[in-house]
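Biologist: Could you walk me through this one? I'd like to get a feel for the fold before I look at details.

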Amino acid sequence: MKRKILSILLISSMLFPFTACKGGSGGNVEKVAYDAKAVAAKYNLPEIPEADKNLKVQMGYNDCDHMVGAIIGEKAGIYKALGLNVTVTKTNNTNIAQAMTTGKMHVGYMGIEGALNARSEGAPIIMAAANHLGGSSYLVVANDIKDPKDLVGKKLAITANPENNPQWIKWATKLGLPIEKDNYEIIKMSQKDCPMALKSGKISAFSCCDPFASQCEYQGLGKVVAVGWGGLIDEAKKEHDHKHGWGMCCIYAMNENFKKEHPEVAQRLLVAHAMSLKYLYDHPYNAAMMFADGFGTAPEVGLMTIYMKTIAEGRTLTWEFNQENIDNFVKEYDEYKIDKKFRPRTDKLNEFVNLNFVKESGIESFSDFTKEDKIDEKFPIGISFKDWLKKAKEIDGIDNKVGNDIKIPEIYKKQK
């Protein structure tokens with residue numbers, strides 16, 4: 001297939017391109033051999049009751065590559081194939097928690113900390129499945145910063161309380177920076193606004209998840225000086241299937257009342273979540289295009305992001321988790337002696353976590369999926385970006401030059 005990029009729009013001076021839709025609505029997404037109905041038919045799902053067939057499900061996600069499953073489920077036709085009427089809304093953790101508290105939102109991709117805190121304050125939110133183990137974040141600096149130590153005294157868009165943030169403590173220690181916030185002018189700014197602010201000189205650095213780090217690298221707006229693929233307590237337990245060692249980062253959260261009142265729909269939503277992540281690993285090129293369209297970024301930035309999520313980090317996007325993942329999430333705060341008022345509230349942890357919901361919903365284990373679909377054979381951990389991209393295009397019969405000019409930053413390679 002040959003790609004026709006119809007137009008590229010520039011937003012302000014940010015050079016943050018949107019590619020116009022092919023065929024009116026498809027954007028960068030290619031037609032591939034994927035039958036969502038056939039995949040859904042593999043699961044033994046109960047029929048949706050007549051009263052729930054027109055139920056409108058509200059799903060939230062936020063500006064972060066960890067949440068890509070929400071976009072894939074919509075764009076790959078997975079929700080529709082499962083008989084679900086899902087409205088996907090991009091917002092933020094706070095808004096999702098508030099909406100799920102009032103029942104206006106039923107399911108959402110959220111950071112575990114915000115979801116746990118909301119549960120402790122009475123919100124009927126449960127962790128229905130894993131979504132992202134460990135976590136990935138990046139520290140991006142302006143091009144004129146030659147040494148990380150030059151950040152002292154500068155304007156930084158980072159966490160408001162760096163001395164009580166495990167990731168910042170790791171970065172600062174590694175880069176030889178002071179940890180305490182008094183050494184910087186900390187600015188509150190949304191991640192999506194940071195690349196333009198970095199380019200214009202309004203800030204000298206910011207912390208983020210993707211696509212914003214990859215955007216800065218690809219478009220030359222800044223450079224990544226530190227990577228956090230965090231939550232790993234014991235390096236000796238590092239495994240590519242991440243069954244051990246990793247803490248929790250982002251979750252697939254659900255309104256508990258919704259799950260009780262609409263169990264058949266809730267089960268199908270869980271299957272949709274798993275199918276979306278399976279699509280990500282099976283069709284990474286198209287998943288990257290869905291991500292690019294959903295986030296309004298360049299196809300190349302989408303490709304960089306999905307390579308990070310499925311290869312560079314490892315297999316951290318998954319629906320499966322165990323007690324050790326939960327324990328290590330909490331343990332990281334103990335390790336860095338984080339002040340109690342800055343820790344996630346865990347007093348309702350036992351009510352919040354459901355270790356059996358995924359299995360009860362008839363979803364296969366993540367390791368069984370990777371074996372059956374030969375993910376390690378097709379895309380082995382450690383494969384270069386060039387080889388990964390070539391293989392991803394071959395699998396879906398895609399013939400174009402998109403992404404061929406990408407150079408993966410050396411700092412990513414040094415994480416392994």
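What follows is a short chat about a predicted model.

Biologist: Let's start with the open sheet of five strands: what is the strand order?

Modeller: The pairing in this open sheet is mixed. At the edges sit β4 (85-91) and β6 (125-133), each pairing on one side only. From one strand to the next, the twist averages 25 degrees. Reading across, the order is β4-β3-β5-β12-β6.

Biologist: Which residue is the bridge partner of Gln58 in β4?

Modeller: β3 and β4 pair over seven bridges, in the parallel sense. Gln58 has its bridge partner in β4, and that residue is Thr87.

Biologist: And helix α10, at about what angle does it run to β6?

Modeller: Helix α10 covers residues 263-282 and lies across β3, β4, β5, β6 and β12. Helix α5 (residues 112-120) lies across β5, β6 and β12, running at about 110 degrees to β5. For α10 against β6, the angle is about 10 degrees.

Biologist: Now Asp52: is it buried or exposed?

Modeller: Asp52 is in the loop between α1 (36-40) and β3 (56-62). Its relative accessibility is 11%, and the cut-off for buried is under 20%. So Asp52 counts as buried.

Biologist: What separation do the C-alpha atoms of Asp52 and Val265 have?

Modeller: Leaving aside neighbours within four places in sequence, Asp52 is in contact with Glu261, His262 and Val265. Along the chain, Asp52 and Val265 are 213 residues apart. Their C-alpha atoms, though, are separated by 7.7 Å.

Methods
Residues numbered from 1 in each chain as written. Predicted model: local features only at pLDDT ≥ 70, side-chain atom pairs only at ≥ 80, totals over all residues. Heavy atoms only, no water. Helix = DSSP H or I, 4+ residues; strand = E, 2+ residues; numbered from the N terminus. Buried < 20%, exposed > 50% of the residue type's maximum accessible area, 1.4 Å probe, protein only. Contact = heavy atoms within 4.5 Å. Pairing = 2+ DSSP bridges. Axes fitted to C-alpha atoms, helices over the stretch in contact; angles between N-to-C directions.
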